[in-house]
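Welcome, and thanks for taking a look at this protein with us. Please keep the sequence and the 3D view open side by side as you read.

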Amino acid sequence: MSSDPVMQAKTKSKRLNVHNLLDEFDHIEDPFERRRLALEKIDNAKFSLYHVRAIMVGGIGFLTDSYDIFAINLATSMLGYVYWGGAHGGTGRIPSSTESLMKVSTSVGTVLGQVVFGKLCDYVGRKIWGIELIIMITATILQVCAGESPAVNFVALLTFYRIVMGIGIGADYSLSSTITSEYSTKNTRGMIMAAVFANQGWGQLLAGIVALICVVSWKSDLIDATNASECVGPCVLALDKMWRVLVGFGAVPGCIALYFRLTTPESPRYKLHKELQAYEQQMARQNDKMQLIAAENANNETAAAPLTFADRAVLEEEEEEHKVQPATWGDFWNHYRQWKYGKFLIGTAGSWFLLDVAFYGLNLNSAVILQAIGFASDENVYEKLYNVCAGNLILICAGALPGYWVSVATIDTLGRKFIQLMGFIVVTALFCAIGFAYDKLSDKGLLGLYIIVQFFINFGPNCTTYIYPVEIHPTRFRSTAHGISSASGKIGAIIAQTVLGTLINHGCSADKPNCFLPHVMEIFALFMLLGVGTTLLLPETKKKSLEAIGEIYHGELNPDAFAADEKDLSSSTGVDQELVNYQEQKHV
């Protein structure tokens, strides 16, 4: 084997089916120089197949997340016939409270996963990537195996499994975003992260396609049943199989990506951050020992006396204090309670919260929109399910998918702040138009506004609120801050689905449902306007390295400037002086 360290590192990386950039610099002893070279290579690398692989491995998780969330919206139409249909004396419709419970349960689990795994990722490192897929795959399999039983309530069991799956989805938000950002180059980081996030659109599309295939495949069993009372026997059996295939298929993408995530090495930025902390603390311990010995020598006229038991106890206590400790919640709070840092957390968490209230609330218009494009007829069970699946596919392709990929193409040119600010302003105006002119709009006019809103939400804050938290927050708090920000968004989604969703029938008579919907749209416009304010708290971060952002906005010294400029510092005094210079500037 070659003695060249770089060649050895590349050979090792190939064996592991990963690309560990730090292996190439293992032969460099100086931690500052090693860090500088590694980060320089990461930040200045050209876009390559390596980055495409990172997008695919990270993106397939978001595809799975989106698939799982969107699939349950389609599956509830099938579940209504199976458990609330003619065989049970029902109408084929799930009670609204039960349907909301099944849909919101995923968001509840997502909030837990985002906060817990966000903190865990900063505490133990990014190497836990892959656990979230195991949770999602397991929960998906358990869901499709759930059934009716005298001893166990089906809704309660499915809700529990949806919460568990939500925990995995929430973990994926924090882990994938942090790891992808730390592997990305500074000039294409926005594009890479936006491409990962844009896989949400493909997940929605895939769920619609799988649902449509299921409906067409079991057409012969569905087409003869004109309503729920006639859907019995083979019809119910077909629907029971359909929703299980639809939900269960969500485990397939996760299984494909699992190996690649589990074999991905520790994030180079996180590892370098820990190495630098260890180096600082080693030098600090060395300084403490030398100062104690110097003080002992100064008190003696002759040669230095041996250290006493008390002196050794002091050294051991100081050494324990200087051990590398992960960032705690106390450290997090002490940092972000200062307005100059806390405003960034308010900006990322507040923007995500305000966005998701309107983003999830926009689905309140779905029934009207499907009617406008001619996909609301329900002459029989087959036609009803086919129209729901096909209509949603059209809406996804018309607005959501183009918006995602326009963001990917422009985010490193236009910048994060411009896109987010523009998105909030345009969507505010569109919600005002829908709300104040609702009764004057034709179905086609409402359809047009709906598609434009979908486009500017995705070519706007839906993409940038995902990217901002991992860029503007420093390495030691990056995943925690992203977890809190994304959890704020899911709390907004829960509010939209449970609180604002019920307002659409406020004060309405039985023969005039959804009469309050225009005013709900006006409320969403207010939320979007507030999003403009939270966006103004955030700076532009395009084409800046993560270390430079930490130095500029969080007062963190960029240690790359201390890459052993004086390479002849071999004495302990010289090394100590180098550390003193570094620490003095760090605390300025």
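Below is a short tour of the cysteines, the nonpolar cores and two individual residues. Please bear in mind that this is a predicted model. The protein has two disulfides, and their bonded cysteines, counted along the chain, pair in the pattern 1-2, 3-4. Its largest nonpolar core holds 48 residues.

**Disulfides**

- Cys231 and Cys235 are joined by a disulfide, with 2.0 Å between their sulfur atoms.
- The link of Cys231 and Cys235 is left-handed, with -85° about the S-S bond.
- Both ends of this link are buried: Cys231 has a relative accessibility of 1%, and Cys235 has a relative accessible area of 3%. Each counts as buried because its value falls under 20%.
- Cys508 and Cys515 form a disulfide too, and here the sulfur atoms are 1.9 Å apart.
- The link of Cys508 and Cys515 is left-handed, with -100° about the S-S bond.
- Cys515 is partly exposed at 28% relative accessibility, because that value lies between the 20% and 50% cut-offs.

**Other cysteines**

- Cys255 is partly exposed, with a relative accessibility of 48%.
- Where is the nearest cysteine sulfur to Cys389? It belongs to Cys214 and is 8.4 Å away. Cys389 is in no disulfide, because a disulfide needs sulfur atoms within 2.5 Å.
- Cys389 is buried, with a relative accessible area of 2%.

**Nonpolar cores**

- Within the core of 48 residues, Leu222, Leu239 and Leu246 have the most contacts.
- The helices that each supply at least two residues of this core are α3 (49-83), α6 (154-183), α8 (199-217), α10 (234-248) and α17 (381-414).
- Helix α3 gives the largest share of this core, eleven residues.
- Apart from this core lies another one, of 34 residues, including Val357, Val427, Ile434 and Ala496.
- As general background, nonpolar side chains tend to be buried together in soluble globular proteins.

**Leu239, a link between two topics**

- Which residues does Leu239 contact, leaving aside its neighbours within four places in sequence? They are Met78, Tyr81, Val82, Leu222, Cys231, Val381 and Leu385.
- Two of these partners have come up already: Leu222 is among the residues with the most contacts inside the largest core, and Cys231 is bonded to Cys235.

**Gln204**

- Gln204 sits in helix α8, one of the helices that supply at least two residues of the largest core.
- Is Gln204 buried or exposed? Gln204 is buried, because its relative accessible area of 16% is under 20%.
- Not counting residues up to four places away in sequence, Gln204 touches Ser66, Phe70, Ile396 and Tyr404.

**Pro539**

- Pro539 lies in the loop between α22 (517-535) and α23 (546-554).
- Although in a loop, Pro539 counts as buried, because its relative accessibility of 13% is under 20%.
- Setting aside residues up to four places away in sequence, Pro539 touches Phe344, Lys417, Tyr468, Ile472 and Tyr553.
- One of these partners, Tyr553, is 14 residues from Pro539 along the chain, and their C-alpha atoms are separated by 8.8 Å.

Methods: Residues are numbered from 1 along each chain as its sequence is written. This is a predicted model: local features need pLDDT of at least 70, side-chain atom pairs count only at pLDDT 80 or more; totals for chains, interfaces and linings use all residues. Side-chain values use heavy atoms; hydrogens and water are left out. Buried means under 20% relative accessible area, exposed over 50%, partly exposed in between (1.4 Å probe, protein chains only). Helices (H or I, at least four residues) and strands (E, at least two) are DSSP runs, numbered from the N terminus. Contact means heavy atoms within 4.5 Å. A nonpolar core is a set of buried Ala, Val, Leu, Ile, Met, Phe, Trp, Tyr and Cys residues joined through side-chain atoms within 4.5 Å.
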